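Please open the model in your viewer and keep the sequence panel beside it, so that each selection can be followed in both places. The tour goes from strand to strand, with a stop at a few single residues along the way.

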Amino acid sequence: MNPPTISNSLCRKIINTSGAPSAIGPYNQAVLVDRTLYISGQLGMNTSGSLVEGGAVKEAEQALENMGHILAAAGGGYKDVIKTTVLLKDINNFSEINQIYSKFFTDHEPARAAFQVGALPKGGEVEIEAVALIGAVDVGSVFINRGSL
């Protein structure tokens, strides 16, 4: 019996860029499967691998900048992000993180989940991962007012 194979019409490409810090474990910055980009959790680290100073807000800003470099390396941008997950050491930083987050997602806001966690690698305050559809067609937004249904 032959093992299952990935269709030739799909391609898996590893994405790593020097514009973002290297992975701190046995994983890549991102993996592109067909047009879907899976971005590994980004801490607020600079390219030398050190956490930026300034707490959760500065770390979130750096994590999102790192995400932008990874998106660009895959041929995309923030507009292509369809889902993020934000991990916070302290959920009380939620509102401040939202202010930074909204500066990066200005044209559209992807689906998102946010969680408080017990600890993050390297003692970080924030980690953000994302899924993007590179080259997605913008079809606008849909809003349903349930009161009129």
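Which residue in β5 is the bridge partner of Thr85? Before answering, bear in mind that you are looking at a predicted model. Select Thr85 and then Ala113, for Ala113 is the residue in β5 that serves as its bridge partner.

Now widen the selection to the two whole strands, β4 with residues 81-88 and β5 with residues 111-116, which pair in the parallel sense over 6 bridges. Add helix α2, residues 94-104, and you have the three elements β4, α2 and β5 that together make a right-handed β-α-β unit.

The next stop is Pro110, which you will find in the loop between α2 and β5. Is Pro110 buried or exposed? With a relative accessible area of 10%, Pro110 falls under the 20% limit and is therefore counted as buried. Select Val81 as well: although Pro110 and Val81 are 29 residues apart in sequence, their C-alpha atoms are 6.1 Å apart in space. Val81 is also one of the residues in contact with Pro110 once neighbours within four places in sequence are left aside, and the others are Ile82, Lys83, Thr84, Tyr101 and Phe105.

Return to β4 and select β6, residues 126-133, as its partner; these two strands run antiparallel and are joined by 7 bridges. Within this pairing, Leu88 stands opposite Val126 in β6.

From β6 you can move on to β3, residues 36-43, since β3 and β6 pair in the antiparallel sense over 6 bridges. To see one such bridge, select Tyr38 together with Val131, its partner in β6. Colouring β3 by accessibility would show a strand that is mostly covered, with 6 of its 8 residues buried.

Ser40 lies in β3 and is buried, with a relative accessible area of 18%. Which residues surround Ser40, if its neighbours within four places in sequence are left aside? The contacts are Tyr27, Asn28, Gln29 and Ala30, together with Ile128 and Glu129.

For the last stop, select β2, residues 30-33, which pairs with β3 in the antiparallel sense over 4 bridges. Leu32 has Leu37 in β3 as its bridge partner. The two strands form a hairpin with 2 residues between them, and in the turn you can pick out Asp34, which has a positive phi of about 60 degrees.

How values were computed: Residues are numbered from 1 along each chain as its sequence is written. This is a predicted model: local features need pLDDT of at least 70, side-chain atom pairs count only at pLDDT 80 or more; totals for chains, interfaces and linings use all residues. Side-chain values use heavy atoms; hydrogens and water are left out. Two strands pair if DSSP finds at least two bridges between them. A crossover is right-handed if, with the strands pointing away from the viewer, the path from the first strand over the helix to the second runs clockwise. Buried means under 20% relative accessible area, exposed over 50%, partly exposed in between (1.4 Å probe, protein chains only). Contact means heavy atoms within 4.5 Å.
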